[in-house]
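Let's take a walk over this one together, starting with a charged pair and ending on a greasy bit of surface. Have the coordinates open as you read.

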Amino acid sequence: MALMSLLSRQIWRPITSTLYFPVGPGTGFLYLVNLYFLYQYSSRLETGAFDGRPADYMFMLLFNWICIVITGLMMDMQLLMIPLIMSVLYVWAQLNRDMIVSFWFGTRFKACYLPWVILGFNYIIGGSVVNELIGNLVGHLYFFLMFKYPMDLGGRAFLSTPQFLTSIRCFPTDVEVCLDLGFLRAGDQPPRSKQEVVVVVAAAVEEDVITGVKGFDWAMTEAF
């Protein structure tokens, strides 16, 4: 049915099937739990592994979404929100695999087991594991191709952020922001973290690179 909808030019279906979730007496709690997972682990990725690299984070979402849409067409899946959320959570769990996380009822374990614990938990409250399993597999595919294979196994890098994403002004890197505001000169060593961005700003002020140094508002550094 999903494939037939796409073939009948209902091209919005892949987007609406990702954003829509049928909330009812039997699914409301599952919906709230997955929204919590999305907020919690998506924000941790944005401020952690993808800190200062919004275009790379957007590419991860696009790659996972495209893989999930293709899988959904092959398996005639109607709803794709949970697989996308689980794929994001899986990437975070693998990048922080040795971190100890807390779950329901005070249970504690390594982050690498979290996606599979959630799979079992959602099975108990929802009765199915297909969505969670597909999300975990897609997340593993991205993590393997982007991080595991090229970095740990010394293989070829099959994935890279497309140029059109890095060129969009909506996704500037920390380096581009520093260059635009005059905090960094071309050829300078780029900052590798938020803390280094603040150091660059402080050094620029100290060297009188910014006009109006005496009236500089240090609250601007909070934007980084």
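Start at Asp-98: with a relative accessible area of 54%, this residue counts as exposed. Keep in mind that you're looking at a predicted model. Asp-98 has a partner, since its side chain meets that of Lys-110 in a salt bridge, with 3.8 Å from N to O. Where do the two residues sit? Lys-110 belongs to strand β2 (residues 108-110), while Asp-98 is in the loop between α5 (81-95) and β1 (100-102), so the contact ties together parts that lie 12 residues apart in sequence. Lys-110 itself is partly exposed, at 37% relative accessibility.

How many salt bridges turn up in a search of the whole structure? The answer is three. The idea behind such pairs is simple: side chains of opposite charge can pair when their charged atoms come close.

Next, head over to helix α7, which spans residues 130-152. Here Lys-148 and Asp-152 make a salt bridge, and their closest N and O atoms are 3.7 Å apart. Why is this pairing easy to picture along the helix? The two residues are four apart in α7, so about one helical turn separates them. As for how much of each you can see from outside, Asp-152 is exposed at 52% relative accessibility, and Lys-148 is partly exposed at 33%.

Then there's Arg-53, which bridges to Asp-56 with 2.7 Å between the closest N and O atoms. Are the two partners buried or exposed? Asp-56 is buried, because its relative accessible area of 18% falls under the 20% cut-off. Arg-53, on the other hand, comes out as partly exposed because its 31% lies between the 20% and 50% limits.

Now leave the charges behind and look for the nonpolar side of things. Which residues form a nonpolar patch on the surface? They are Ile-66, Ile-70, Met-74, Met-75 and Val-130, and together they offer about 500 Å² of accessible area. Helix α4, covering residues 54-75, supplies the largest share of this patch, with four residues. Met-75 is a good one to click on: this residue is placed in helix α4 and is partly exposed, with a relative accessible area of 46%. That value helps explain why Met-75 can be part of the patch, because membership calls for over 30% relative accessible area.

Notes
Residues are numbered from 1 along each chain as its sequence is written. This is a predicted model: local features need pLDDT of at least 70, side-chain atom pairs count only at pLDDT 80 or more; totals for chains, interfaces and linings use all residues. Side-chain values use heavy atoms; hydrogens and water are left out. Patches are made of residues with over 30% relative accessible area and no salt bridge: like charges are joined within 9 Å, nonpolar side chains (Val, Leu, Ile, Met, Phe, Trp, Tyr) within 5 Å. Accessible areas come from the Shrake-Rupley method with a 1.4 Å probe; for residues, only the protein chains shown count as cover. A salt bridge is a side-chain nitrogen of Lys or Arg within 4 Å of a carboxyl oxygen of Asp or Glu. Buried means under 20% relative accessible area, exposed over 50%, partly exposed in between (1.4 Å probe, protein chains only).
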